[in-house]
Amino acid sequence: MTQETSTPEQTDGFHLVIDALKLNGLDTIYCLPGIPITDFLRMSQAEGLRVISFRHEQHAGNAAAAAGFLTGKPGVCFTVSAPGFLNGLTALANATTNCFPMILVSGSSEREIVDLQQGDYEEMDQLAIAKPLCKAAFRVLHAEDIGVGIARAIRAAVSGRPGGVYLDLPAKLFAQTIDKAAGQRSLIKVVDAAPKQLPAPDAVARALDVLKSAKKPIVILGKGAAYARCDEEIKSFIEKTGIPYLPMSMAKGLLPDNHAQSASAARSYVLAEADVVMLVGARLNWLLSHGKGKTWGASSAKDTANKKFIQVDISPTEADSNVPIDAPLVGDIGSCIAALNAGLGGNWQKPPADWTGAIAERKDKNLTKMTETLAKNASPMNFHSALNVVRNKIKERPDAILVNEGANTLDFARSIVDMYEPRKRLDVGTWGIMGIGMGFAVAAAVETKKPVIAVCGDSAFGFSGMEVETICRYDLPVCVIVFNNNGVYKGTDQNPRGGDVAPTVFVKDAKYEMLMQAFGGAGVRAATPEELKKALDEAVSSGKPTLINAIIDETAGTESGRITSLNPAMAKKK
């Protein structure tokens, strides 16, 4: 008799990556197929992961970044090697700058060929290129290390200050086989990936002492406060202290924009006049004029005003990056605000009435002026009359996600469209970049299952417009509104020499709606607020992929929107 010997069941790199993602609750992949990840994506779909395939890797990466912000889990993007990796790298760097948790996984060429620079297919040392542009970067060479690689990427992406992580998987790794039982034992379920970081009691006391000394306090809420998901703690703190607050654009809705303590409509006044400024998940970068200059009441651009700053941030190195921070409060935002709430006691002295009254007076004046402007029915539409339609729809459907990009389209929307719920506004973020629109819109629809209204300037839409096919392919409830004013900023520039059109001018009267129609979605041209309202109502109620070509007065825009001063210009001759 012969004794049969059983061969141990095997698994491979493909399935170990899939199993590691599933084990850690990462159930959606944003990607673009190609060598060496095509079969991996097919297998992932067969194993129950949702695979959302794009037309360009940058937009897949942007989708993963937005997914990270919306869910608090790292969004996952897979790309091919070399050029595909580089396309995804833009989104990874942007995610890191915005503190969105994201993992970019790229297939790569073989190490032994790359290291000798022998000219492999799409040869590139991707790990070395990624490292300076993201929070962490890892490479996995052996199948038994896949579990460790995925676990380290997850923990790096969400712990401390969130950010983008690169994971390099050479092509050979996917086909490697090992014993299935050993493979399963090698996987790691990450426990407490983003542990709480409690603030020091003396730091809490110091921050409260600075607040007590204030006669004109203001709280600035950044997108870090929105990401922290401690909405009730923040609301309680604002309302218990009675301190007016300013939300940065992606923090809009943490408290409703029509809240009595919102100072958004008196922004210039409160920044210049406040004596104590409390930053919560907000950085004193260019978006806040670095805490210096006339914006803050100082005499010149380089001067620091006579103010005290409290900064609540998870990173201790953020303090003093632009101006002295009198009371740094380091820890996760939820724990910091909870500690502050506990220290308020039952008889906290609210700000003086002359401060809150002066803010209310300016708010009322500016809101009245805004109401009058929005009531004008300009023909052709301008940014105010068109955005008033969006404003009313968001008020009617506060659960809808607003994605916003452009120059004037972005700037006007920030001040016109009120938000009522947290994490419902996604926009260009810290870098102020164009091209996030369709990627963010896809992720918002996939992750929240809510209606998405993507309001884009015609220039901004051009960066990712082909992804309307992706929206149609997955039948997502996304309504794209292209603000069409025939150009970058506006459509009236002239070439002084004749011949070619000016570099900022597009094809006149472009029919953007036909792009959505080409893929089976609804495409509508809207030249009046009434037509825009009708099309937007139908899009949101139907949930059908829709593009509205909103015709805007081509003279309505301004150069670079509200950041004209950042655009170098030739010195004027005397």
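This passage walks through a parallel sheet, two helices that lie across it, and helix α18. The model is predicted, so local features need pLDDT of at least 70 and side-chain atom pairs count only at pLDDT 80 or more, while totals for chains, interfaces and linings use all residues. Residues are numbered from 1 along each chain as its sequence is written, and side-chain values use heavy atoms, with hydrogens and water left out.

Start with the sheet. Six strands (DSSP runs of E, at least two residues, numbered from the N terminus) make an open, parallel sheet in the order β3-β2-β4-β5-β7-β6. Its edges are β3 (50-53) and β6 (136-139), each pairing on one side only; pairing here takes at least two DSSP bridges between two strands. From one strand to the next, the twist averages 20 degrees. At the β6 end, four bridges tie β6 to the parallel strand β7 (residues 164-170), and Arg139 sits opposite Asp168 of β7.

Now for the helices (DSSP runs of H or I, at least four residues). Helix α2 (residues 38-46) lies across β2 (28-31), β3 and β4 (75-79), at about 155 degrees to β2. Contact means heavy atoms within 4.5 Å, and angles run from 0 to 180 degrees between N-to-C directions of axes fitted to C-alpha atoms, for helices over the stretch in contact. Helix α3 (residues 57-71) lies across β2, β4 and β5 (102-108), at about 165 degrees to β4.

Further along, α18 (residues 437-448) reaches 16 Å from first to last C-alpha, close to the 16 Å expected at 1.5 Å times one less than its number of residues. Ten of its twelve residues are buried, meaning under 20% relative accessible area with a 1.4 Å probe, protein chains only; among them are Phe440 and Val446. Lys449 follows α18 with a positive phi, near 60 degrees.

Methods
Buried means under 20% relative accessible area, exposed over 50%, partly exposed in between (1.4 Å probe, protein chains only).
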